[in-house]
Every structure is written in C-alpha cells, then in structure tokens.
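Please open the model in your viewer and keep the selection panel at hand. The stops below go from one selection to the next, and each says what to look for once the residues are highlighted.

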2 protein chains.
Amino acid sequence: MSEGSTFGSLKHLLVGRPIPSHLAHHERLSRVTGLAVLSSDALSSVAYATEEIVRTLVLAGTAALTLATPIGMVISGLLVVVAFSYRQTIYAYPGGGGAYIVSKENLGPVAGLVAAGALLIDYVMTVAVSIAAGVAAVVSALPGWHVSRTEMGLVFVVLIAVGNLRGLRESGRIFAVPTYFFLVSLLALIAAGAWRAATGTIEPVAASGTPTPTGVASLGTFLILRAFANGCTAMTGVEAVSDGVPAFKPPEARNAAATLLTMAGLCVTLFMGVTLLAHAYRVIPLEETAPGYETIVSQIARGVFGGRGPLYYCVQAATMLILVLAANTAFQDFPRLSSILARDRYMPRQFMNQGDRLAFSNGILVLSVLAGILIVAFRGDTHALIPLYMVGVFVSFTLSQAGMVRKWRRQKGPGWIGHALFNLVGTVSTCLVLLVVAATKFAEGAWLIVVLIPAIVVWFLSVRKHYARVGEQLSLQGWTPEPRRHNTVLVPIGGVHRAVVQALQYAKMLSTDVRAVYVDVDPKATEDVRRDWERWGQGVPLVVLPSAFRSLMEPLLEYIEQVDDERPDDFVTIVLPEFVPARWWHHLLHNQRALLIKGALLFKPNTVVTSVPFHLSK
Amino acid sequence: MSEGSTFGSLKHLLVGRPIPSHLAHHERLSRVTGLAVLSSDALSSVAYATEEIVRTLVLAGTAALTLATPIGMVISGLLVVVAFSYRQTIYAYPGGGGAYIVSKENLGPVAGLVAAGALLIDYVMTVAVSIAAGVAAVVSALPGWHVSRTEMGLVFVVLIAVGNLRGLRESGRIFAVPTYFFLVSLLALIAAGAWRAATGTIEPVAASGTPTPTGVASLGTFLILRAFANGCTAMTGVEAVSDGVPAFKPPEARNAAATLLTMAGLCVTLFMGVTLLAHAYRVIPLEETAPGYETIVSQIARGVFGGRGPLYYCVQAATMLILVLAANTAFQDFPRLSSILARDRYMPRQFMNQGDRLAFSNGILVLSVLAGILIVAFRGDTHALIPLYMVGVFVSFTLSQAGMVRKWRRQKGPGWIGHALFNLVGTVSTCLVLLVVAATKFAEGAWLIVVLIPAIVVWFLSVRKHYARVGEQLSLQGWTPEPRRHNTVLVPIGGVHRAVVQALQYAKMLSTDVRAVYVDVDPKATEDVRRDWERWGQGVPLVVLPSAFRSLMEPLLEYIEQVDDERPDDFVTIVLPEFVPARWWHHLLHNQRALLIKGALLFKPNTVVTSVPFHLSK
C-alpha cells in the first residue's frame with residue numbers, strides 16, 4: 001500500500017492509530033476510576049463558584065459578604081436534590097441517560113433538540129470557562145504571567161485538542177491522578193483552615209491586585225438572586241455520571257449511583273469549605289483582567305499555609321490540573337453527542353462516527369475553534385464567561401429531569417409516584433434556577449444563549465430536512481433510469497506535448513467519438529498545432545475554435561454546449577491533462593485551467609470532467 | 001451558452017467586459033493627456049518630499065532648517081539631469097524603454113531581473129506611500145478622522161483595486177482632471193505665497209499636533225546626507241514617460257520627450273515652491289501617528305490662505321486626488337511588468353496576459369494585498385514607509401541609465417559619445433543617490449529591500465528553471481508513447497441509490513471491465529446492498545471488501561493498489577458519484593469522500609479519478 005500510506009500516515013499522525021472493532025470496549029470503570037474520570041467537571045467548579053458569589057455580594061459592600069454562607073448552603077441543598085434526581089436517571093437508563101436521549105424519548109424530538117443544543121453550548125462553555133479558570137489559577141501563583149492570559153488559554157486549548165486528536169482518551173486511568181491530587185489538596189486546605197479557625201490563628205490576607213467595585217449597589221432581592229445564580233456554577237457537571245453509566249463495571253447502575261452520591265458529597269464539602277474559609281479570611285475578590293489578580297482559592301491557600309510555600313503551590317497546581325481535566329471531558333462529550341445527532345441526521349454526517357476516528361476529529365476541531373474564539377473575545381476572563389455558561393447547563397438539567405417525570409407517569413411502574421416526585425422536585429428546582437439565571441444574567445450575556453438555542457434547533461431541523469430531501473431524490477422506489485447510449489469525449493488542448501498525447505490515449509479508450517478542441521488566439525501558434533497534430537493526433541479529429549475576444553474559456557464552453565445539444569440525454573466527457581508537480585508549491589506555477597473548466601461545468605447535467613494525471617518528476 | 005454564462009457573468013462582474021482584439025490600441029495620448037496620465041507619480045511626490053527633508057534636518061534643531069533650500073536645489077538639479085538622461089531613452093526605445101527591457105538588452109538577463117525586482121518593489125511601495133500620503137492629506141483637512149488612518153488607507157487600496165479589476169484603465173482621459181486640478185491648485189498656492197512674501201504679510205502658522213523630536217542630533221555630514229536622501233523622493237516617477245512612449249500620438253518620441261521635459265520643469269517648480277514656502281512660514285514637521293497631525297503642505301496652505309477656507313480645501317483635495325492617481329498608475333504598471341516577466345518565464349504563467357483580463361487581475365490582487373499589508377504594518381505612516389521606497393527606485397534608475405551608456409558604446413552611432421556622456425552623468429548621479437540612500441536609511445528599513453531584491457532574482461531564476469524542466473518532461477522529441485490497452489473501471493459505492501445507478505451507467509460505457517466496490521463495516525448493511533445489487537447492479541460484479549478497523553478508505557486503497565498491480569502499465573479509472581447540491585452551503589452536509597479518494601490517489605500514476613455529477617434539485 002505504498003500510495004495509500006501517504007494519506008494513512010498523515011491521518012495517523014493527526015488522529016492516532018485506528019482501534020480494531022473487538023477492542024472498542026476494553027476498559028470498564030471501577031467506582032474509584034469512575035469518580036476520577038467523570039467528576040472533574042463537577043469538582044473543578046469549586047475553583048470559581050465561591051468567587052462568583054462573593055463578587056456579586058461585594059457590590060453591596062463588604063458587609064453583604066456574610067450572605068455568602070447561607071447562599072452557599074441553599075446551593076448545596078439544591079445540589080443534593082439534583083444529585084438524587086439524577087440517581088434515578090441512572091437506574092432508568094442503564095445504557096446512558098444523557099439529556100438529549102431522555103428529553104427526546106419522553107418529551108418529543110423538539111425538546112430533545114433543545115436539550116442537545118443547550119448541551120453543545122454547555123460543552124463549549126465548559127472548555128472556555130475551565131481553561132480561563134485554570135489560567136487564573138496559574139497567574140495567581142505566578143503573577144508575572146498575568147500579561148499572557150489569553151495566549152496561555154489558547155495554548156491549553158491546542159494542547160488538549162491535539163491530545164484528544166491523538167487518542168488521549170484511550171488512557172482514561174491516568175486521569176485518576178489529577179482528580180485525587182485535587183481532592184487531597186483541597187481537603188487538606190480545608191482541614192488546615194478549620195484547624196486555624198478552631199485555634200483562632202486566622203489573619204486576613206493582603207492581596208496586591210485591584211479590588212472589584214464595592215458598595216456601588218444596594219443589597220436587594222435582585223442582587224441576592226444574582227449572587228445565588230452565580231453560585232449555581234457549583235452544580236455544573238453533576239449530570240456527567242448519569243451519561244456514563246455503561247462505562248462502569250457491572251453492576252453498572254449501582255456503581256454509577258454510588259459514584260454520583262460520593263461526588264455530590266465531595267462537591268458540597270469542598271464548596272462549603274471554600275465558602276466558609278473565604279468568609280473567615282475576609283477575602284475580597286479582585287479584578288481578573290488587572291495585574292496582581294489572584295483567585296479567592298489562591299488567597300485562602302496563601303492565608304492558611306502562610307504564604308506561597310510548597311503546600312500553596314500544590315493547591316494551585318491541583319486546581320489548574322483538574323480544570324484542564326474538566327475541559328478535557330468536554331472534548332469527549334462534544335464529539336460523542338455530535339455523532340449521535342449526526343446519526344439522527346440533525347447534524348452534518350461528517351460528525352457521524354463511521355468506523356475510524358475522523359468523525360470525532362471534526363467534533364474536536366469545531367469545539368476547539370469555538371472555545372478559542374470565546375477565550376479571545378472575553379480575554380480569558382472567567383467571570384465574564386460565566387453568564388453564558390449557566391443557561392445551557394440549566395436548560396438541559398430541567399429538560400432531562402422533566403423527561404424523567406414524564407417517563408414515570410407514562411410507565412406507572414411500581415412506586416412510580418415516589419420516583420416521579422423525586423424528579424419533580426429536581427425539575428422545579430433546576431427550572432427555578434434557570435429562570436433566576438436567565439433573568440439576572442440576561443443583560444450580561446445570557447441573552448445570547450437564549451437566542452442561540454432556538455437558532456441551533458432550527459438549524460438541526462433544517463439539516464434533517466435537507467437529508468430527507470436528498471433521500472427522496474436518491475430513492476430507487478418506482479424510478480426507471482433513462483437509457484444512455486452515447487459518450488462524446490472532448491479533449492481541450494493548449495498545445496501538443498506528452499501530457500496531451502497521454503490524455504488522447506486515455507480518451508480513445510473511453511469512446512469511439514473523441515474530438516480534440518483547440519482555441520485559436522494566435523494564427524502562428526494554431527499553424528504549429530495543426531502541423532504537430534498530423535504526427536501525434538492518433539487519428540483524433542482536431543476542432544479549432546475561433547475566439548473574437550482572445551478568450552480561451554468562452555469558445556470552449558460554447559462548443560461544449562453545442563455538442564451537448566446534439567444528444568441532450570447522453571454523456572459528454574471532458575478529458576483534461578492535469579499536471580501533478582513534483583513539489584506542492586509548483587502548483588502555483590501552473591494555470592489552474594482544469595479547475596476553471598470544472599467550476600464552469602459543475603452545474604451542467606450529464607457532463608463529466610476527467611483529469612488524466614501527468615506526473616512531473618522534477 | 002446558458003451554463004458558461006454563470007462563469008462568464010461572474011468574471012464580467014469582477015473584471016469587466018473583454019476587449020475585442022481590434023480595439024486594443026484605440027486611444028493614443030496627446031502631450032496634454034500624456035502629461036496627465038504619466039506624471040501623477042512624479043508630481044504627487046511634491047506632497048511629501050519637502051516634509052521628508054525638513055523632518056530630518058529638524059533633528060539638529062530648527063536652525064538647521066535653513067539647509068532645506070540648498071538641499072532642495074541640489075535635488076532639483078539632479079532631477080533635471082535624470083530627465084535629460086531619460087529623454088535619450090525615449091528616442092532610443094520608441095517602443096517603450098522600461099528599466100527591465102533596457103537593462104536586459106544591454107547589461108544581460110541578471111541585470112534585467114535585478115531591475116525588474118526593484119521595479120516590482122517600487123510599484124508596491126508607490127501604492128503604499130502614495131495612499132499613506134493621501135490619507136495624511138485627508139486627516140490634515142479633517143483632523144477628526146485621524147483615528148482611522150489605517151482603515152482609510154485600506155479602503156483606498158480596495159477602491160483602486162476594484163476600479164482596476166473592472167477596467168477603469170480604459171478611460172485614461174478622465175485622469176486629466178485630477179492632474180491639472182493639482183497643478184493649478186499648487187501653482188496658485190505658490191503664487192499666493194510668493195505674493196505674501198513679496199508684500200511681507202507672512203505670519204507663522206500654529207499647528208496643534210505633536211512636533212517631531214528636535215535638537216536631538218548634531219548637524220553633521222551624515223544628517224545632511226540623510227535629509228538629501230529623503231528629499232530624493234521628489235525624483236520618483238520620472239521614468240514613467242519613457243516607459244509609455246508607444247502610447248503617444250505620432251510622432252511618439254518627440255511628443256513623449258516634450259512631455260518629459262515639461263513634467264520635470266513642473267516638478268522642480270512645485271518642489272522648490274513648497275520648500276521655499278516651508279522655510280518662509282517656519283513650518284515644523286509633526287508626528288504623523290499622533291492626533292492633530294497635519295502635513296507641511298496643509299500647514300503652508302492654511303498660512304497662505306488664512307485658515308481652512310475653500311482654497312485650502314481645494315489644495316488638500318487636489319493633493320489627495322493626485323496621490324490616489326499615482327497609486328493607480330502602479331496598478332497598471334505592476335500587472336504589465338508581471339505579464340512581461342511571465343512571458344519570459346520568470347514569473348508564474350498566471351500573470352501572463354493570455355487574451356482576456358484574468359492575468360491582469362492576478363497582478364492587481366497581488367499588488368493590493370502586498371500594499372495593504374504594508375499599510376497595516378506601518379499603520380499608514382508615510383514617513384516610516386519612505387526608507388523602503390527609495391532603494392528600489394534608484395536601483396532601477398541606475399541600471400536603466402547604465403544600460404543606455406552600454407548601448408551607445410556598443411552601437412557607436414553618430415554622436416554616440418555625447419549621448420553616452422549624458423547617460424553616464426545620469427548613471428553616476430542616480431548611483432550616488434542609491435549609495436547615499438542605502439547607507440543612510442539602511443537601519444530604518446532599507447536593509448529589507450537590499451535583502452529582498454536578490455531574493456526576488458533567485459525566485460525569478462528558479463521559476464524559469466522549473467518551466468524549462470517541465471518543458472523537457474513534456475517534449476515529444478525522440479519520445480515514444482507507451483502502448484495502453486486496458487482500462488479497469490472501479491465504482492466504489494456506499495449504498496445503492498440513483499446516483500450510484502447513474503455512475504454505473506456511465507462506467508459501463510468506459511470499459512468492458514467494470515467492478516463495483518463496497519467496504520463491509522456492518523454485516524446487516526452489506527446484506528441490504530447485496531440484495532439491492534441483484535436488481536440494480538446492471539450486471540456489474542460487486543466486490544465486497546472486509547474492514548478489520550472499520551475504516552472505509554484503507555481497504556479501498558489497498559484494493560486499487562492490487563488491481564493496478566494486475567496490469568501495471570494500463571489505466572485504472574475510479575468512477576465516483578458526486579453530489580451537486582442545489583445550494584452551495586449544502587456541500588457542508590455531504591461527506592467529502594470523493595475529495596479524500598482523489599487526494600489519496602493524486603500521486604499514483606495511470607490512475608484516473610472521475611466524478612459523475614448527480615444534481616440535487618432542492
């Protein structure tokens with residue numbers, strides 16, 4: 001396979017070796033690895049959720065910061081409710097209960113598409129927000145790097161994209177390291193902080209950055225709801241376990257459910273721990289885009305561990321790693337959902353996984369480009385990205401939970417009322433959060449997502465309609481092919497040389513009706529061609545076309561039209577010699593006339609353009 | 001010609017209607033129109049030449065500005081010398097004596113290529129500098145527009161490029177308006193200024209911009225030479241008349257010579273007038289990139305006409321228009337020289353004028369992109385661009401004059417010594433200027449051009465070498481074509497539908513050895529294809545290939561390889577059904593498998609890939 005291997009090795013370099021069919025499901029997750037692989041998105045939000053609450057409250061003055069703890073507790077409560085709601089999805093959908101599937105099956109295709117659109121947005125935002133927050137963790141530890149935040153974010157996107165294109169996801173188990181490193185670091189931080197609080201050795205930390213505006217708003221219901229809405233970022237990623245049930249070792253559902261509850265418990269612990277420590281250390285949020293920026297987690301870690309020592313750097317490194325890992329999960333989810341949507345003909349079939357990894361590569365590329373654009377547009381500012389993040393997340397939460405309620409009501413299995421009630425509480429909670437988020441963050445960017453989701457749904461439907469139409473037009477049902485009897489072969493030539501002679505040899509094999517066509521723009525050159533034709537024309541008649549305007553293309557196209565009119569239903573084949581240069585840049589030195597002719601004839605039925613390659617060796 | 005017309009009208013929209021051959025030379029220039037068409041480049045340099053001298057002198061303090069007048073007089077003297085030198089070229093080359101032709105004929109091909117490279121750079125720089133100076137004239141009159149200098153420059157480039165693509169150059173006579181408008185405005189300005197000087201009514205003008213640094217250097221020889229080098233921009237464009245001799249009415253040479261001397265006289269008058277007025281008004285140069293920037297011509301016009309009144313705006317508008325016109329001449333010269341170089345095989349043949357305007361369009365596009373890049377890179381700052389401008393100009397001047405000296409010496413016609421002496425003085429003068437320019441502006445950017453010219457020459461030679469090699473490989477001399485007897489036709493299919501049936505109909509016309517090829521990735525789907533084949537296969541054998549890695553491409557490529565090995569010297573044709581969607585964006589909804597297959601087989605000899613179009617109507 002000497003020729004195919006050029007293509008093959010290029011593909012391998014970019015997307016890695018193909019996986020033989022029988023090895024596709026070789027790796028099942030235990031509870032320990034499952035937690036590591038599936039919880040990074042949920043756990044990593046601890047890095048910014050508390051900060052988002054505090055940033056909003058401080059607008060009403062530092063006194064308002066006492067409200068962070070009760071708001072955090074409400075969010076923790078909701079998180080537990082949603083986790084128990086998703087636990088039911090795990091048992092009901094042991095094959096994997098993503099929001100798209102649950103919504104489509106129970107609420108109808110449009111609800112499914114709304115959930116799918118929301119999820120695709122969610123994945124893009126997960127990448128952008130997680131990487132922005134990861135960069136924030138880095139620049140908190142290394143303030144000198146603050147100037148290159150956007151560039152650093154883009155480097156992360158490229159690294160993760162290339163990792164995934166090369167098949168990083170096959171080695172899921174190495175993901176255990178950053179997750180458990182983060183858990184241990186954060187739990188140690190919280191424990192040490194609690195010890196300091198108990199022993200009364202807490203001293204406020206001083207930060208060198210620019211504080212966010214404070215005392216510019218009054219402390220009303222709207223502000224508190226905004227702070228609550230921002231804090232609900234802590235709940236993102238909680239659905240990951242229910243999507244991934246079939247990846248667990250048997251009994252899949254039981255292992256997944258246990259993992260989900262463990263994850264929810266850890267989330268609540270870390271989130272409340274950080275929130276309480278932020279209060280204890282009277283930490284003030286800083287402007288992310290100003291020099292000297294430091295995350296709240298970084299400020300706390302400095303306070304607890306007494307400055308930038310080894311333990312402090314552990315916390316920052318662990319935070320950065322789990323955030324990158326969270327971004328990485330989106331790089332697996334986005335192509336997978338795209339592939340499912342493509343299978344259902346709602347997305348272009350280039351995203352459908354047809355055997356090798358090419359389809360996933362398309363998803364990975366689209367995701368990285370979109371996330372990269374967001375990072376550049378928002379200059380890698382986590383806080384500015386958050387309003388766009390939440391709407392998509394809570395639309396899919398709500399639809400998925402509502403779908404579960406509908407499922408229980410329809411199936412009416414044993415104990416269905418209890419099940420339905422559990423999910424109903426989940427639905428109502430997430431729907432309320434959705435409304436609060438959409439209302440309080442609308443002007444800050446949530447409107448964009450509110451507009452975007454219906455637009456994506458319309459696009460999904462138009463793609464499906466297109467494929468349905470193509471299917472009709474290709475259908476053999478009740479169709480009789482027109483008989484074709486004749487193939488007129490034309491060989492346009494610009495001179496007489498080896499490539500032309502070879503193209504003529506080929507053309508003569510295709511049909512008994514072959515004609516060479518030459519456009520006369522210079523009588524002297526035409527004379528030469530006629531003379532050479534006697535010797536090299538292989539008996540093929542030479543048609544010389546006059547050109548009033550010295551144009552080469554137009555007389556040729558007119559002649560093709562005329563030939564086609566002779567037998568409208570039969571084929572006309574244009575055989576062109578095509579140079580294949582020895583170096584790619586030599587292409588620039590040859591007229592792209594073949595391309596022009598092809599372009600001009602593209603919309604002409606029954607006309608086939610064939611290039612006979614002539615290989616230049618130097 | 002219903003199909004060709006899609007292509008035809010697109011081309012007409014972009015490049016204008018084609019010109020019938022017999023109308024190509026319908027317009028000859030009188031002395032009056034010749035001056036208008038050919039002198040804009042030379043005259044327009046008055047807009048910035050004085051300013052370039054003053055900018056440099058002021059570095060040694062405002063007292064040094066008294067040197068501007070003597071420097072201006074030296075430059076004027078040189079300009080007259082060079083004009084007389086070029087006057088001889090006009091008589092010696094009545095067919096047009098561009099630097100490329102004169103150098104090539106008399107000094108050899110490499111000298112010709114050096115001149116050609118220098119000229120191409122010159123044309124790009126003419127566009128960039130003229131447009132930057134035109135924008136400077138606009139923002140001097142309308143200070144509020146200062147913020148959009150780069151954008152305005154790009155808009156000018158695009159407008160001139162589109163105008164030329166659409167065939168603006170056919171209507172040469174309308175160019176008389178801006179040239180004479182500029183001449184009248186500037187002569188009026190100088191006359192009014194002279195009157196004020198004579199009547200002692202000159203008052204210094206106050207400008208609001210930031211003055212350029214002053215008194216930071218000492219007044220030594222180097223500084224004076226730098227000021228001189230900068231002022232030599234006044235000489236750019238003087239060669240234009242000698243390039244365009246055949247465009248004049250008979251007697252061509254006499255008319256051209258008279259036009260050249262008139263132009264030189266006008267250049268000297270305007271340049272010295274502005275220089276003297278700058279001195280009389282004690283005008284100080286301003287920072288071009290700082291707000292409040294105003295050109296020296298604008299400051300003088302404000303002083304002479306007492307503020308921004310109608311006469312002031314006339315001067316600014318005329319300056320802007322003639323600068324745009326100067327840029328426009330480069331849009332005719334660049335494609336013309338490229339076409340000549342392409343005819344001589346030193347540039348890709350896409351630049352060769354082969355009848356219609358497409359070749360010129362390529363030249364126009366390349367020129368606009370390069371000039372646009374320069375304007376963006378230098379933020380439309382005239383002063384920053386000047387160092388790059390001068391080297392190219394004076395290299396071509398020197399070579400062209402030196403070529404003339406050689407010509408006289410070789411021909412030894414009557415009075416050859418006098419002729420040769422005239423050109424020798426021109427050669428030595430321009431060569432000295434070249435050395436001064438290269439030395440004093442080296443660090444400011446001239447080094448780039450010093451490096452670029454040899455690089456372009458190497459490129460010219462490598463292009464020519466490539467075409468020579470291709471010519472050898474295509475030569476029929478002593479060549480015997482290999483006999484070809486067989487054409488194996490393969491039709492890869494992904495299912496059975498109308499497009500496949502049509503492709504099979506076509507394939508059966510090409511050869512008696514036709515095989516359909518299907519890759520088995522799903523036993524159920526394969527079963528369906530086999531069943532449908534019985535009814536729709538038209539007797540063509542179906543080859544089913546196994547795929548261990550669920551890949552579609554690799555088994556297919558391996559099979560093609562195997563078929564090729566059966567008869568290594570004969571043809572293999574791959575017939576693919578290709579969808580032609582009803583809307584261009586529908587392309588994105590179909591797999592580009594045909595493209596992938598074509599790409600994979602591109603470098604395989606004797607393998608032809610043919611797409612049979614299947615037209616989707618909705």
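Which residues of E1(A) are buried on one side, and which on the other? Bear in mind, before selecting anything, that this is a predicted model.

**Strand E1 of chain A**

Select residues 487-493 of chain A, which form strand E1. On one side you will find A:Asn487, A:Val489, A:Val491 and A:Ile493, on the other A:Thr488, A:Leu490 and A:Pro492, and all of them are buried, which leaves both faces of E1(A) covered. In a regular strand the side chains alternate between the two faces of the sheet. Since seven of the seven residues of E1(A) are buried, the strand is largely enclosed by the rest of the structure.

Keep E1(A) displayed and add its partners in turn. Strand E2 of chain A, residues 514-520, pairs with E1(A) in the parallel sense over five bridges, and within that pairing A:Val514 in E2(A) is the bridge partner of A:Val489. Strand E4 of chain A, residues 571-580, also runs parallel to E1(A) and is joined to it by four bridges; here the residue to label in E4(A) is A:Phe571, the bridge partner of A:Asn487.

**Chain A as a whole**

Zoom out to chain A, where there are 21 helices and five strands. If you colour by burial, 58% of its 618 residues count as buried. Among the contacts in chain A with a separation of 6 or more, 82% are between residues 24 or more positions apart.

**Helices H4 and H12 of chain A**

Now select residues 49-57 and 252-280 of chain A, that is, helices H4 and H12, whose axes lie 9 Å apart and which pack at an angle of about 40 degrees. That angle makes H4(A) oblique to H12(A), and their crossing is right-handed. To see the contact itself, show the side chains of A:Ala49, A:Thr50 and A:Ile53 in H4(A), which meet A:Phe271, A:Val274, A:Thr275 and A:Ala278 in H12(A). The residues of this contact comprise five nonpolar, two polar and no charged.

**Strand E4 of chain B**

Move to chain B and select residues 571-580, strand E4, which is largely enclosed by the rest of the structure because seven of its 10 residues are buried. E4(B) runs parallel to strand E5 of chain B, residues 607-615, and nine bridges join the two; label B:Leu576 and, opposite it in E5(B), B:Ser611. Strand E1 of chain B, residues 487-493, is likewise parallel to E4(B) and is joined to it by four bridges, and B:Leu490 stands opposite B:Ile574 in E4(B).

**Two buried residues of chain B**

From B:Leu490, step to B:Val563, which lies 73 residues away in sequence and 9.2 Å away in space, C-alpha to C-alpha. B:Val563 sits in helix H21 of chain B, residues 553-566, and is buried, with a relative accessible area of 3%. Leaving out residues up to four places away in sequence, B:Val563 touches B:Thr488, B:Leu490, B:Arg515 and B:Val572.

Finally, select B:Thr295 in the loop between helix H12 (252-280) and helix H13 (296-305) of chain B. Is this loop residue, B:Thr295, buried or exposed? With a relative accessible area of 7%, B:Thr295 is buried. To display what B:Thr295 contacts beyond its neighbours within four places in sequence, add B:Glu51, B:Ala136, B:Ala137, B:Ser140 and B:Gln316 to the selection.

Conventions:
Residues are numbered from 1 along each chain as its sequence is written. Chains are lettered from A and ligands numbered from 1 in the order in which they are written. This is a predicted model: local features need pLDDT of at least 70, side-chain atom pairs count only at pLDDT 80 or more; totals for chains, interfaces and linings use all residues. Side-chain values use heavy atoms; hydrogens and water are left out. Axes are lines fitted to C-alpha atoms, for helices over the stretch in contact, and angles run from 0 to 180 degrees between N-to-C directions. Angles under 35 degrees count as roughly parallel, over 145 as roughly antiparallel, 65 to 115 as roughly perpendicular and the rest as oblique. A crossing is left-handed if the near helix is turned anticlockwise from the far one by less than a right angle, and right-handed if clockwise. Contact means heavy atoms within 4.5 Å. Ala, Val, Leu, Ile, Met, Phe, Trp, Tyr, Cys and Pro count as nonpolar, Asp, Glu, Lys and Arg as charged, and the others, Gly among them, as polar. Buried means under 20% relative accessible area, exposed over 50%, partly exposed in between (1.4 Å probe, protein chains only). Two strands pair if DSSP finds at least two bridges between them.
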